[in-house]
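The following paragraphs lead the reader through selected parts of a protein model. It is helpful to keep the structure in view while reading.

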Amino acid sequence: MNEVSHQRVKTNGIWLHIAEQGTGPLVLLLHGFPEIWYSWRHQITFLANHGYHVVAPDLRGYGDSDSPLSPTSYTVMHLVGDIIGLLDHFGEQQAFIVGHDWGAVIGWHLALFRPERVKGLINLSVPYFSRNPNAKFAESLIRTYGDGFYISQFQEPGRAERTFARLPPWITEEELQVYADKFQESGFTGALNYYRVMDLNWELTAPWQGSKITVPVKFMVGKKDLGFEVSGVRQYVEGNIFRSLVPNLEIVILDGHHFLQQEKHQEVSEEILSFLSKFPAE
């Protein structure tokens, strides 16, 4: 098996850095905040060794990918467009999509906007929520949790950047140098802009109000993830509404926290493979 290779690909008007390994059906691994392609290092080689062409980009605003200056360049329309451009670059009509955190948000919206391009979707940590027609997302969260809530602090340009000048405490020693180098070069503004257009995303997605996710989905979440334990998320994931919105759904709850693909990398890799293996070889 070849080593992981790196290149920059032109897509949707910007350049994205990708890490790539293997041959076979295309699997795109989409990282979350505040990470880069490296968060998938365990899954890249594991899946490549099992016969898949694995591509993990640095998403727009991260790592060695371009970081447009305007926050309005980070809407879900732009982010989904970047992924469609990657599929087109590789000449693939469809791909398997695996997303974590913000990468999961992109995966849900890709499946919502362009289901014909998604062979199957595996998302970690962030479930699909139907758009609330009466409440903008960031606005309602800030109203509920107040100014100390992290999304509140991310809204003001410069405020969170000053906080993130020192790397967050969940960075492990193994990741420290990789992440430190990349965020020192790129800064955090591009990554934070995802949060600064959440209410713009609410406006843009009005045409999909009430739409369901129709592609096959596996959803994984850590039972110790703080986001799983607040605001009724556990009850939502384990209840009927989530399944009604995502009819072709498998749910896996692991004994872990938020960054599952690293903390429980072997289990996550095997769960991904078990899902991919259900699809007949072409």
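In this predicted model, the side chains of strand E7 may be sorted into two sets: Val 217, Phe 219 and Val 221 point one way, while Lys 218, Met 220 and Gly 222 point the other way, and all of these residues are buried. In a regular strand, side chains alternate between the two faces of the sheet. Strand E7 comprises residues 217-222, and 6 of its 6 residues are buried, so that the strand is described as mostly covered.

Which strands are joined to E7 by bridges? One is strand E6, residues 118-124, which runs parallel to E7 and is joined to it by 4 bridges. Another is strand E8, residues 249-254, which also runs parallel to E7 and is joined to it by 6 bridges. Met 220 serves as a useful point of reference here. Its bridge partner in E8 is Val 252, and Met 220 is itself the bridge partner, in E7, of Leu 124.

The discussion now turns from strands to a helix. Helix H4 spans residues 137-145, and its buried residues are Ala 138, Ser 140 and Leu 141. Seen down the axis of H4, these buried residues fall within an arc of 165 degrees, and therefore they line one face of the helix. What covers them includes helix H5, residues 150-155, and helix H9, residues 198-204.

Ser 140, a residue of helix H4, merits a closer look. Why is Ser 140 classed as buried? Its relative accessible area is 18%, and the term buried applies to values under 20%. A polar atom of the Ser 140 side chain lies 2.8 Å from the backbone oxygen of Phe 137. Beyond the end of the helix, H4 is followed by Gly 146, whose phi is positive, near 85 degrees.

A final example concerns parts of the chain that are separated in sequence. Glu 161 is located in helix H6, which covers residues 159-163. What distance separates the C-alpha atoms of Glu 161 and Phe 188, which are 27 residues apart along the chain? The separation of these two atoms is 6.1 Å. When neighbours within four places in sequence are left aside, Glu 161 is in contact with Glu 156, Thr 189, Leu 192 and Arg 196.

Terms used. Residues numbered from 1 in each chain as written. Predicted model: local features only at pLDDT ≥ 70, side-chain atom pairs only at ≥ 80, totals over all residues. Heavy atoms only, no water. Buried < 20%, exposed > 50% of the residue type's maximum accessible area, 1.4 Å probe, protein only. Arc of directions from axis to C-beta. Contact = heavy atoms within 4.5 Å. Polar contact = N/O pair within 3.5 Å; in protein donor to acceptor, adjacent residues only side chain to side chain. Pairing = 2+ DSSP bridges.
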